[in-house]
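Here are a few short exercises to work through with the coordinates open. Try each task yourself before you read the solution.

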Amino acid sequence: MDKYKSDVFESVDHQWRLVLYPSENKNSNGDGFISLYLEIEKPEILSLDWEVNSEFKLFVFDQNRDQNLVIEG
């Protein structure tokens with residue numbers, strides 16, 4: 001699997017999805033790493049000068065080390 005996209009979910013009046021590259025994101029120099037993104041759904045329907053400020057936490061469980069990685073934005 002090259003890329004996985006979650007189902008769309010809504011938060012703060014916007015629709016989002018998680019995008020996961022389990023091996024690497026070749027477009028972003030992610031060789032040897034997983035890449036996880038929070039993506040806004042259908043940005044083309046928003047105005048040209050749109051901006052969204054958000055706070056989020058992503059938790060990734062590392063089975064090899066038996067610990068969580070927390071990513072905040």
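How many aromatic pairs does a search of the whole structure find? Keep in mind that this is a predicted model.

**Exercise 1. Classify the ring pairing and place it in the chain.**

Step 1. The search of the whole structure gives one aromatic pair.

Step 2. The partners are Tyr21 and Tyr37, with ring centres 5.9 Å apart and planes at 85°. Pairing needs centres within 6.5 Å, and an angle over 60 degrees counts as edge-to-face, so this pair is edge-to-face.

Step 3. Now locate the two rings. Tyr21 sits in strand S3 and Tyr37 in strand S4, 16 residues apart, and the pair links distant parts of the chain.

Step 4. Check the exposure of each partner. Tyr21 has 16% relative accessibility, so it counts as buried. Tyr37 comes out at 32%, which makes it partly exposed.

**Exercise 2. Work out the surroundings of Glu41.**

Step 1. Start with the address: Glu41 is in the loop between strand S4 (35–40) and strand S5 (57–62).

Step 2. Is Glu41 buried or exposed? Its relative accessible area is 19%, and the cut-off for buried is under 20%, so Glu41 is buried.

Step 3. List what touches it. With neighbours within four places in sequence left aside, Glu41 is in contact with Val8, Gln15, Trp16 and Arg17.

Step 4. Look for a polar partner in that list. The side chains of Glu41 and Arg17 make a polar contact at 2.8 Å.

**Exercise 3. Find what Ser6 is attached to.**

Step 1. Ser6 belongs to the loop between strand S1 (4–5) and S2, and at 13% relative accessibility it counts as buried.

Step 2. Skip the neighbours within four places in sequence, and the contacts of Ser6 are Arg17 and Leu18.

Step 3. Go down to atoms for Leu18: its backbone nitrogen is 2.8 Å from a polar atom of the Ser6 side chain.

Step 4. For a backbone distance, take Leu20, which is 14 residues from Ser6 along the chain; the two C-alpha atoms are separated by 8.4 Å.

Step 5. Arg17 turns up here as a contact of Ser6, and it was also the polar partner of Glu41.

**Exercise 4. Track down positive phi values outside glycine.**

Step 1. Take Asp13, with phi near 65°. Asp13 is in the loop between strand S2 (9–11) and strand S3 (14–21), and its 71% relative accessibility makes it exposed.

Step 2. Move on to Asp66, with phi near 55°. Asp66 lies in the loop between S5 and strand S6 (67–72) and is exposed, at 60% relative accessible area.

Step 3. Put Asp66 in context. The hairpin of S5 and S6 has four residues between its strands, and Asp66 takes its positive phi there.

Step 4. Then check how those strands pair. S5 and S6 run antiparallel and are joined by six bridges, with Lys57 opposite Glu72 in S6.

**Exercise 5. Summarise the whole chain.**

Step 1. Count the elements: zero helices and six strands, in the order β-β-β-β-β-β from the N terminus.

Step 2. Ask about burial. Of the 73 residues, 16% are buried.

Step 3. Add the surface. The chain has about 6300 Å² of accessible surface, and carbon and sulfur atoms hold 46% of that.

Step 4. Finish with contact range. Among contacts between residues at least 6 apart in sequence, 17% join residues at least 24 apart.

Note on methods. Residues are numbered from 1 along each chain as its sequence is written. This is a predicted model: local features need pLDDT of at least 70, side-chain atom pairs count only at pLDDT 80 or more; totals for chains, interfaces and linings use all residues. Side-chain values use heavy atoms; hydrogens and water are left out. Helices (H or I, at least four residues) and strands (E, at least two) are DSSP runs, numbered from the N terminus. Buried means under 20% relative accessible area, exposed over 50%, partly exposed in between (1.4 Å probe, protein chains only). A polar contact is a pair of N or O atoms within 3.5 Å; within protein, one must be able to donate a hydrogen and the other to accept it, and residues adjacent in sequence count only if both atoms are side-chain atoms. Contact means heavy atoms within 4.5 Å. Accessible areas come from the Shrake-Rupley method with a 1.4 Å probe; for residues, only the protein chains shown count as cover. Two strands pair if DSSP finds at least two bridges between them. Rings of Phe, Tyr and Trp (its six-membered ring) pair if their centres lie within 6.5 Å; planes under 30 degrees apart count as stacked, over 60 as edge-to-face and the rest as tilted.
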